[in-house]
Amino acid sequence: MTSNPSSAASTYDVVLIGGGIMSATLGALLRQLEPGLSIALFGRLDDVALESSNGWNNAGTGHSALCELNYTPLRPDGTVDISKAVNVNEAFQVSRQFWSYLVESGQIASPRDFLNPIPHMSFVWGPENVDFLRRRHAALQEHPLFAGMSLSTDEGQMRQWMPLVMQDRKSGQPLAATWHPAGTDVNFGALTHRLIDLLRGKPGFDLNLAHEVEDLKPAGSNGWDVSVRAVHGGGERKVRAKFVFIGAGGGALHLLQKSGIPEARGIGGFPVSGQFLRCTNPDVVQQHHAKVYGKASVGAPPMSVPHLDTRVIDGQRGLLFGPYAGFSTKFLKQGSWLDLPRSIRMDNIGAMMAVARDNMPLTKYLIQQVMQSSEDRLKALRDFVPTARKEDWELITAGQRVQVIKKDARRGGVLQFGTEVVTGAGGSIAGLLGASPGASTAAPIMLTVLQRCFGDRLPQWESRLREMIPSYGTKLGQDAALCAQVRERTRTALQLDG
């Protein structure tokens, strides 16, 4: 799959760094919009989608805020704030539209190659949490993006929705769950491969795997000089790019720092590792068909909300429970233990120290998670699966996530959860930092990159963008008719339920 460096071009319109879902999505979008662009992708591993995009390195939730309680915080006055949930759902609808276009146009043979309909559920226990879920459901069901969500406190109904979760559960405790049929399980690794397949073999695209980008230098008005090293020998070379996108997951921060753009100054990263318990025992797996999200522990980061997920990877069903957070100084799963210390600069050390000072509950939570025994993890699992047996579940390590740290005038520094696009040098370079909802919102994130870095071409691309993404330039939440039309179109094209 690796291009021959000696035969590859030395100048490209676009260089994509990183072999995950973000680079693949941007490359596929650009190929649809302007087929004549010359594009090169450089990935440091021997295949694409081996880091966070890999099917077992994430939970595969198509994040649309149907079940994720951290997207709907409770305000001090007791009302539920659904603004973030609406934004997350809007973004996922854009991804669904882009994927639907690729299926409808025959560029992806079957949505089942990467996408499966799996109901999304929220599940809570205790009077206070039950009350919160009622309020959340009442606030969401009035919005067109969340039409079709059901709420129940009836144990019989919940047994139908999630029999494994309800089996042998003690009675008498207040319980509540919401259920939505339009949820999805996404194999982002398989999707990455499908998108790369659209590019590979076409004129003007060079795929360079086992090639690590080591440096970026401005080339004046001509873009960037990119220094690349062949991982398995073969020496170094330089290529020139008019535009560079750094979609290298946790590795993006180092490259943005090396680029020297002012927009990257002061930004730091806080790595959080994650583990899941995985079950592939068919007798257990067949009893659960949903993604069930609970509430995060006090002090836990949003990415650590516990959830029990049906997964479909390469046609095989399994279950994941977690995540169990941990700490590693690596910025990538296959990274270096020196990643964190090497990222500390004079311009970001103040913000990083301020974040350490202000996030003691998070530090305490991570220490507790790292110190957990196998019995502690099994106890947490039994909150969701009372009948769980240790022998049915194995511990696996997920992809590494790096949360963004930024300077803040009042607090010195803040830890951000989510994703952020950093652009500079007149739009000739962009990089993506952060984590969840990440992959689910790859398409709208890449639209942001197009708007910031290809603004002069957007007028000629607009009709094509509307063909691929009918809601382009509008908010579905503000147009109920368009919302219903788009949801029905993508439901049919992607063979989804609800």
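Reader: Hi! Which residues form the nonpolar patch on the surface?

Author: Hi there! In this predicted model, Phe327, Ile367, Val370 and Met371 make up a nonpolar patch on the surface. Together they have about 420 Å² of accessible area.

Reader: Where does Ile367 lie?

Author: Ile367 is part of helix 11, which covers residues 360-370.

Reader: Okay, zooming out. How many helices and strands are there in the protein?

Author: The protein has 15 helices and 20 strands. Its radius of gyration is 22 Å, close to the 23 Å that the globule rule gives for 498 residues, so the protein is as compact as a globular protein of that length.

Reader: And what box do the C-alpha atoms fill?

Author: Taken along the principal axes, that box is roughly 70 × 50 × 45 Å.

Reader: What share of the residues counts as buried?

Author: Of the 498 residues, 58% count as buried. As for the outside, the protein exposes about 20,200 Å², and carbon and sulfur atoms supply 50% of that area.

Reader: Nice. Which residues have the most contacts inside the largest nonpolar core?

Author: Those are Trp99 and Phe245, in a core of 59 residues. Apart from that core lies another one, of 39 residues, and Val15, Ala252, Leu362 and Ile405 are among them.

Reader: Let's stay with Phe245. What does Phe245 touch?

Author: Leaving aside residues up to four places away in sequence, Phe245 touches Val15, Leu16, Ile17, Met22, Ser23, Leu26, Ala430, Leu432, Met446 and Val449.

Reader: Those numbers jump around quite a bit! What share of the protein's contacts with a separation of 6 or more comes from residues 24 or more positions apart?

Author: Such pairs account for 73% of those contacts.

Reader: Switching topic: is Gly294 buried or exposed?

Author: Gly294 is buried, because its relative accessible area is 1% and the cut-off for buried is under 20%. Gly294 sits in the loop between strand 13 (291-293) and strand 14 (307-313).

Reader: So a loop residue, got it. What does Gly294 touch?

Author: Not counting residues up to four places away in sequence, Gly294 touches Leu69, Phe123, Val305, Pro306 and Phe384.

Reader: And how many Å apart in space are Gly294 and Gly350?

Author: From C-alpha to C-alpha, Gly294 and Gly350 are 35 Å apart, with their positions 56 residues apart in sequence.

Reader: Now charges! How many salt bridges does a search of the whole structure find?

Author: The search finds 26 salt bridges. Side chains of opposite charge can pair when their charged atoms come close. One such pair is Glu104 and Arg489, whose side chains meet at 2.7 Å, N to O. The pair links distant parts of the chain: Glu104 is in helix 2 (residues 83-104) and Arg489 is in helix 15 (residues 480-493), 385 residues apart.

Reader: How does Glu104 count in terms of accessibility?

Author: Glu104 counts as partly exposed, at 46% relative accessibility.

Reader: What about Arg135 and Asp131, what do their side chains do?

Author: They meet in a salt bridge, at 2.8 Å from N to O. Arg135 and Asp131 are four residues apart in helix 3 (residues 127-140), so about one helical turn separates them. Arg135 is partly exposed, with a relative accessible area of 39%, and Asp131 is partly exposed too, at 35%.

Reader: Which residue does Arg357 meet in a salt bridge?

Author: Arg357 meets Asp358, at 2.8 Å from N to O. Arg357 counts as exposed at 51% relative accessibility, while Asp358 counts as partly exposed at 31%. Elsewhere, salt bridges that share partners join Arg44, Glu212, Glu214 and Arg229 into one network.

Reader: Last topic, the backbone. Which residues does a cis peptide bond join?

Author: Gly322 and Pro323 are joined that way, with omega about -5°. Pro323 is in strand 15 (residues 316-326). Most residues other than glycine have a negative phi, and most peptide bonds are trans.

Reader: What is the phi of Ala425, then?

Author: Ala425 has a positive phi of about 50°, although it is not a glycine. Ala425 lies in the loop between strand 19 (419-424) and strand 20 (429-434), and is partly exposed at 43% relative accessibility.

Reader: And what is the phi of Gln495?

Author: Gln495 has a positive phi as well, of about 55°. Gln495 is found in the segment after helix 15, and it is partly exposed, with a relative accessible area of 41%.

Definitions and conventions
Residues numbered from 1 in each chain as written. Predicted model: local features only at pLDDT ≥ 70, side-chain atom pairs only at ≥ 80, totals over all residues. Heavy atoms only, no water. Core = buried A, V, L, I, M, F, W, Y, C linked by side-chain atoms within 4.5 Å. Buried < 20%, exposed > 50% of the residue type's maximum accessible area, 1.4 Å probe, protein only. Contact = heavy atoms within 4.5 Å. Helix = DSSP H or I, 4+ residues; strand = E, 2+ residues; numbered from the N terminus. Patch = residues over 30% accessible without salt bridge, like charges linked within 9 Å, V, L, I, M, F, W, Y side chains within 5 Å. Areas by Shrake-Rupley, 256 points an atom, 1.4 Å probe, with all protein chains shown as cover. Salt bridge = Lys/Arg side-chain N within 4 Å of Asp/Glu carboxyl O. Rg over C-alpha atoms; globule rule 2.2 N^0.38 Å.
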